[in-house]
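Here are my comments on the structure you asked me to look at, written as numbered points. Please keep the sequence and the 3D view open while you read, and find each residue as it is named.

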Amino acid sequence: MKTNVKRKNYYLDERKIKRVKSILGAKKETEAIDAALDLNYGKCEICDAKLVGKRINQDFWIRGKLVVLDNVPAGVCPRCGAKVVRSEVGKRIAKILESPTKWSKALVIHFPVVEFP
């Protein structure tokens, strides 16, 4: 399949490009930008509204501990609140959750738990 690829010059924030490369696992800047432009989360499987790309806090209960990943790229439904992540992001989440070094460097907070009567 032939693609319509043309050379373009833009002024872009270098930090954003590096972040997109990291999130999407791209090796080159062009690859990262191309992949980012293709991001489209589609429609919500629950209510059929268009998903919106956002950064979310995603929580997991692991071995009785609440773990919160901050700033996770996801598609969020503005109508029902459903959330989806791309497979690349899911794989990175799994690596983070399996890494004891990431856990040892993480901020730990304590919070009260009140039982519902």
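The points below go from the sheet to single residues, then to the surface and to charged side chains.

1. Please bear in mind throughout that this is a predicted model. Every comment below should be read as a comment on that predicted model.

2. The sheet is a good place to begin: it is open, it has 3 strands in the order 1-2-3, and the pairing is antiparallel. Its edges are formed by strand 1 (52-62) and strand 3 (83-84), each of which pairs on one side only. Between strand 1 and strand 2 (residues 65-76) the antiparallel pairing extends over 10 bridges, and two of the facing positions can be picked out by eye, since Gln58 is placed opposite Leu69 of strand 2, while Phe60 is placed opposite Val67 of that strand.

3. How many residues lie between strand 1 and strand 2 in their hairpin? There are 2 residues between them, and Arg63, which belongs to the turn, has a positive phi of about 50°.

4. Two further residues deserve a look for their backbone angles. As background, most residues other than glycine have a negative phi. Asp48, although not a glycine, has a positive phi of about 75°, and its place is in the loop between helix 2 (29-38) and strand 1. Asn71, by contrast, is found within strand 2, where its phi is near 70°, again a positive value in a residue other than glycine. Asn71 counts as partly exposed because its relative accessibility is 31%, which falls between the limits of 20% for buried and 50% for exposed.

5. Asn57 is a useful residue for tracing neighbours in the sheet. This residue belongs to strand 1, and, leaving aside residues up to four places away in sequence, Asn57 touches Val68, Leu69, Asp70, Asn71 and Lys83. Is Asn57 buried, partly exposed or exposed? With a relative accessible area of 46%, Asn57 is partly exposed. For a sense of distance, Asn57 and Tyr11 are 46 residues apart in sequence and 30 Å apart in space, taken from C-alpha to C-alpha.

6. Helix 3 (residues 87-98) should be viewed together with the sheet, as this helix lies across strand 1 and strand 2 and runs at about 165° to strand 2.

7. On the surface there is a nonpolar patch formed by Trp61, Leu66, Val68, Leu107, Ile109, Phe111 and Val113, which together have about 820 Å² of accessible area. One of these residues, Phe111, is located in the segment after helix 4 (100-105), and Phe111 counts as partly exposed because its relative accessibility is 43%.

8. Finally, consider the charged side chains. Side chains of opposite charge can pair when their charged atoms come close. How many salt bridges does a search of the whole structure find? The search finds 1 salt bridge, in which the side chains of Arg15 and Asp13 meet at 3.1 Å, N to O. Arg15 counts as exposed because its relative accessibility is 65%, whereas Asp13 is partly exposed because its relative accessible area is 29%.

Terms used:
Residues numbered from 1 in each chain as written. Predicted model: local features only at pLDDT ≥ 70, side-chain atom pairs only at ≥ 80, totals over all residues. Heavy atoms only, no water. Pairing = 2+ DSSP bridges. Helix = DSSP H or I, 4+ residues; strand = E, 2+ residues; numbered from the N terminus. Contact = heavy atoms within 4.5 Å. Axes fitted to C-alpha atoms, helices over the stretch in contact; angles between N-to-C directions. Buried < 20%, exposed > 50% of the residue type's maximum accessible area, 1.4 Å probe, protein only. Patch = residues over 30% accessible without salt bridge, like charges linked within 9 Å, V, L, I, M, F, W, Y side chains within 5 Å. Areas by Shrake-Rupley, 256 points an atom, 1.4 Å probe, with all protein chains shown as cover. Salt bridge = Lys/Arg side-chain N within 4 Å of Asp/Glu carboxyl O.
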